[in-house]
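Visitor: I am new to protein structures and would like to learn how to read contacts between side chains. Could you walk me through some?

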Amino acid sequence: MDVKVRNIRKEFKGQVALGDVSLDIRSGELIALLGPSGSGKTTLLRLIAGLEFPTRGAIFFGDRDASFHSVQERHVGFVFQQYALFKHMTVFDNIAFGLTVQKKAERPAKALIRQKVMELLDLVQLSGLEKRYPAQLSGGQRQRVALARALAIDPTVLLLDEPFGALDAKVRKDLRRWLRELHEATHHTTVFVTHDQEEALELADRVVVMSNGRIEQVGTPVDVYDQPATPFVYGFLGSTTVLPVNVQNGQIFLRGFEMPVAVADEPFAGPANLYVRAHDFEVTEERRNAIPGMVEMVRHFSGMTRLEVRVPSLPYVIGAEIPDSRYSPMRGIEAGQRILLRPRRFGLFPDEKVPAVKAETPAARLSVVS
């Protein structure tokens with residue numbers, strides 16, 4: 001089932017939660033709605049589900065305008081963060097619930113319902129637990145029951161609202177892998193909401209990055225991470241340092257001291273912001289294109305050395321993550337040591353507070369010219 005969102009606007013008591021949002025979701029696709037709290041991602045999911053209705057705009061399921069259809073009319077499966085299982089029902093009855101409450105003319109025979117539930121228990125890897133109650137299950141098992149219940153009605157679209165938000169990190173990671181495998185097996189059109197970058201980038205076919213009630217960028221995980229379209233996307237994905245710079249005559253200068261870096265195509269001149277992810281810094285001995293600073297903190301973890309570096313003229317420290325090994329020279333760096341950091345890859349965006357000259361493109365994603 002294709003889902004098309006067309007110029008959706010949603011207001012709550014005069015406050016705009018979504019403003020003119022459009023999105024195409026392809027049949028069989030796994031889409032992540034990613035953004036911070038208040039970005040509008042859950043509101044968009046609830047509008048697709050039919051739990052909310054748009055102030056303006058339309059939502060199509062296939063060629064059918066479903067903008068004001070109920071959840072039942074849209075025939076969607078919805079999985080909540082807190083599972084929403086019936087505590088007084090067994091696992092079997094929870095999964096069967098959506099089938100048993102159908103109209104008599106549409107309700108499957110008991111034997112077919114049992115067959116369906118047992119197949120789903122096998123699919124979600126809970127065979128043998130059908131007689132247990134929710135209180136007798138772990139958090140991860142309860143979430144699998146919730147997913148099986150949503151799948152039992154053969155939904156046109158499967159919608160998940162922060163499905164792993166209530167689980168610990170290890171269980172979340174295991175369930176993410178399992179959900180991807182489940183999607184490959186069922187091919188349901190699936191939309192899930194998350195604020196977890198790793199979750200979205202690992203699971204989704206495409207990621208929809210949202211902020212302040214609008215869509216910032218839509219693309220594959222590789223596209224949105226490696227080619228951020230806006231300053232928000234660059235800053236939101238990954239650990240990023242924003243450096244205030246000035247662009248003049250094809251060179252970039254860090255405010256407070258010169259850091260001349262050639263710009264491949266000069267898109268604008270004037271005040272700008274240089275976005276550098278922590279893992280895109282390197283420690284160098286060459287002063288050219290390098291930022292001098294003093295190490296304030298050193299931490300070694302997961303094959304990386306994490307540095308916090310104080311730089312003159314900046315009110316905050318720069319975070320850098322350098323590949324590490326037991327025999328790496330990084331092991332010799334200590335707090336209080338002066339080093340030179342060089343950005344190997346970065347994004348350049350005009351300072352939105354100051355009009356730029358010759359701003360023909362909104363951004364330039366650049367690499368350091370060595």
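Guide: We will go through ring pairs, charges over rings and salt bridges, keeping in mind that this model is predicted.

Visitor: Let's begin with the rings. How many aromatic pairs are there?

Guide: The count is seven aromatic pairs. Take F232 and F236: their ring centres are 5.4 Å apart and their planes meet at 10 degrees, so this pair is stacked. Planes under 30 degrees apart count as stacked.

Visitor: What is used to describe a pair of aromatic rings?

Guide: Two things describe it: the distance of the centres and the angle of the planes.

Visitor: Where do F232 and F236 sit along the chain?

Guide: Both belong to helix α9 (residues 231-236), and because they are four residues apart there, about one helical turn separates them. F232 is partly exposed, with a relative accessible area of 23%, whereas F236 counts as buried at 16%. The cut-off for buried is under 20%.

Visitor: And what kind of pair do Y275 and F349 make?

Guide: Their centres are 5.4 Å apart, but the planes stand at 80 degrees, so the pair is edge-to-face. Y275 lies in strand β13 (residues 270-277) and F349 in strand β19 (residues 345-350), so to speak of sequence, they are 74 residues apart and link distant parts of the chain. Y275 is buried at 9% relative accessible area, and F349 is buried at 2%. Ring pairs also join Y234 to Y275 and F349 in a cluster.

Visitor: Which charged ends sit over rings?

Guide: One of them is the charged end of K10, which lies over the ring of F12, 4.9 Å from its centre. Another belongs to R277, over the ring of Y225 and 3.9 Å from the centre of that ring.

Visitor: Now the salt bridges. How many does the structure hold?

Guide: There are 22. In one of them, R9 meets E11, with the closest N and O atoms 2.8 Å apart. R9 is buried at 19% relative accessible area, while E11 is partly exposed at 29%.

Visitor: Which parts of the chain does the salt bridge between R206 and E29 link?

Guide: The N to O distance in this bridge is 2.5 Å. R206 is in strand β9 (residues 206-211) and E29 in the loop between β2 (15-25) and β3 (30-34), 177 residues apart. Both R206 and E29 are buried.

Visitor: Which residues do salt bridges with shared partners join into one network?

Guide: Start with E199 and R176, whose closest N and O atoms are 3.9 Å apart. The network joins R172, K173, R176, D196, E198, E199 and E202.

Technical notes. Residues numbered from 1 in each chain as written. Predicted model: local features only at pLDDT ≥ 70, side-chain atom pairs only at ≥ 80, totals over all residues. Heavy atoms only, no water. Phe/Tyr/Trp six-rings, centres within 6.5 Å; stacked < 30°, edge-to-face > 60°. Helix = DSSP H or I, 4+ residues; strand = E, 2+ residues; numbered from the N terminus. Buried < 20%, exposed > 50% of the residue type's maximum accessible area, 1.4 Å probe, protein only. Lys NZ or Arg CZ within 6 Å of the ring centre and 35° of its normal. Salt bridge = Lys/Arg side-chain N within 4 Å of Asp/Glu carboxyl O.
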